[in-house]
Amino acid sequence: MDLYLQGKVALVCGASQGLGFACARALALEGAVVTLVARRGDVLAKAAERIREDGAVDVRTVAADITTAAGRDAALVTSGAPDILVTNAGGPKPGDFREWTRDDWMSALDNNMYSPIALMQSVIDPMIERRFGRIVNITSSAVKMPIDILGLSNGARSGLTGFVAGLARQVAQYGITINNLLPGAFSTVRLQETARRVAEDTGVSLDEVQQGRLMAIPARRFGDPAEFGDACAFLCSPRAGYITGQNLLLDGGAFPGTL
Ligand code: NAP
């Protein structure tokens, strides 16, 4: 299936590894001109090189913190006005909510709520003028099924989800779609980190923690980030023009609800 992404301009945040990288790679291999953003320049440069080696033609990088105004400006200068925006940054730290300070909450809100909103604020009017835009926010299955130790994520991402529900309906008439992709458990560095934290807190071995997680997933495996990237590329394509304001779970069936 041709996704008609050839020449589309895409800005992908949090893209040097994991799910953001997979989205950037999928878009680039479909012919989009992709700018990858992440803070560690060396890791980012290697990530971009991997995508070029796989056959992408125009892959750009910006080493910047997307939670800062300067970082967002630098990203937009390099990409130019994007047709496609994928928002993403690191997830907040796990822990007990009794320990979290106001600074912890502000940091979580900056990472997982305000930065995506600020980016949307910058790109939306040019998208309206062009009568085309695709925005995908990488959030979390925690929006539908809260994870007890990730209260900062449960809270901040729910704020973004509520905001997007309104904005998506405001801009749909201009050919712009905004959707959230909700990862369950994907094989990434982040997944390893949260498993290690649970193992430390509970005194259970890392292997047992991972096995317990697998048993909670009907697919009995962790997701492959490439599967996430493919879903993102489809949602960003002109073919997905009638899908907007949705929260799409990619979780191997882990969410137990009927709808
Ligand atoms: P990851 O492996 O930790 O990768 C995060 C990426 O974002 C890295 O490229 C990182 O590079 C970049 N990044 C982090 N903070 C940034 C910032 N302030 N500015 C620019 N780039 C930043 O995470 P992941 O597993 O791919 O997960 C992506 C998102 O999905 C996270 O928010 C995570 O909480 C959420 N999620 C993941 C899973 C899962 O199973 N993996 C499940 C549910 C939710 P630098 O550190 O170099 O900046």
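Is Leu191 buried or exposed, and what is its relative accessible area? In this predicted model, Leu191 is buried, with a relative accessible area of 9%. The residue has its place in helix H6, which covers residues 189–202, and it touches Ala185, Phe186, Arg213 and Phe222 when residues up to four places away in sequence are not counted. Gln210 stands 19 residues from Leu191 in sequence, and the C-alpha atoms of the two are 9.5 Å apart in space.

**The sheet**

The open sheet consists of 7 strands in the order E3-E2-E1-E4-E5-E6-E7, and the pairing is parallel. Its edges are formed by strand E3 (59–63) and strand E7 (247–250), each of which pairs on one side only. From one strand to the next the twist averages 15°. At the E7 edge, strand E6 (residues 176–183) pairs with E7 in the parallel sense over 4 bridges, and Pro183 has Leu250 in E7 as its bridge partner.

**Helices on the sheet and against each other**

Helices H2 and H4 both pack on the sheet, as set out below.

| Helix | Strands touched | Direction compared with | Angle |
|---|---|---|---|
| H2 | E2 and E3 | E3 | about 170° |
| H4 (residues 102–130) | E1, E4, E5 and E6 | E5 | about 170° |

Two packed helices are described by the angle between their axes and the distance between the axes. For H1 and H2, the axes come within 10 Å and cross at roughly 35°, and H1 passes H2 in a right-handed crossing. The residues that meet here are Phe21, Ala24, Arg25, Ala28 and Leu29 from H1, and Ala47, Arg50 and Ile51 from H2.

**The nonpolar cores**

The largest nonpolar core has 36 residues, and those with the most contacts inside it are Val12, Leu27, Val34, Leu36, Ile51, Val86 and Phe228. At least two residues of this core come from each of strand E1 (9–13), helix H1 (18–29), strand E2 (33–38), helix H2 (41–53), strand E4 (84–87), strand E5 (133–138) and helix H8 (225–235). H1 gives the most to the core, with 7 residues. Val12 touches Gly20, Cys23, Ala24, Leu27, Val34, Thr35, Leu36, Val37 and Val86, again without counting residues up to four places away in sequence. A second, separate core of 25 residues includes Val37, Ile124, Leu160 and Ile176.

**The cysteine pair**

Among the residues touched by Val12 is Cys23, which raises the matter of disulfides. Cys23 is buried, with a relative accessible area of 0%, and Cys232 is likewise buried, with a relative accessible area of 0%. Why is there no bond between the sulfur of Cys23 and the closest cysteine sulfur, in Cys232? The two sulfur atoms are 3.5 Å apart, which is too far for a bond, because a disulfide requires the pair of cysteine sulfur atoms to be within 2.5 Å. Seen from the other residue, Cys232 is in no disulfide, and its nearest cysteine sulfur is that of Cys23, 3.5 Å away. By this rule the count comes to 0 disulfides.

Methods: Residues are numbered from 1 along each chain as its sequence is written. This is a predicted model: local features need pLDDT of at least 70, side-chain atom pairs count only at pLDDT 80 or more; totals for chains, interfaces and linings use all residues. Side-chain values use heavy atoms; hydrogens and water are left out. Buried means under 20% relative accessible area, exposed over 50%, partly exposed in between (1.4 Å probe, protein chains only). A nonpolar core is a set of buried Ala, Val, Leu, Ile, Met, Phe, Trp, Tyr and Cys residues joined through side-chain atoms within 4.5 Å. Contact means heavy atoms within 4.5 Å. Two strands pair if DSSP finds at least two bridges between them. Axes are lines fitted to C-alpha atoms, for helices over the stretch in contact, and angles run from 0 to 180 degrees between N-to-C directions. A crossing is left-handed if the near helix is turned anticlockwise from the far one by less than a right angle, and right-handed if clockwise.
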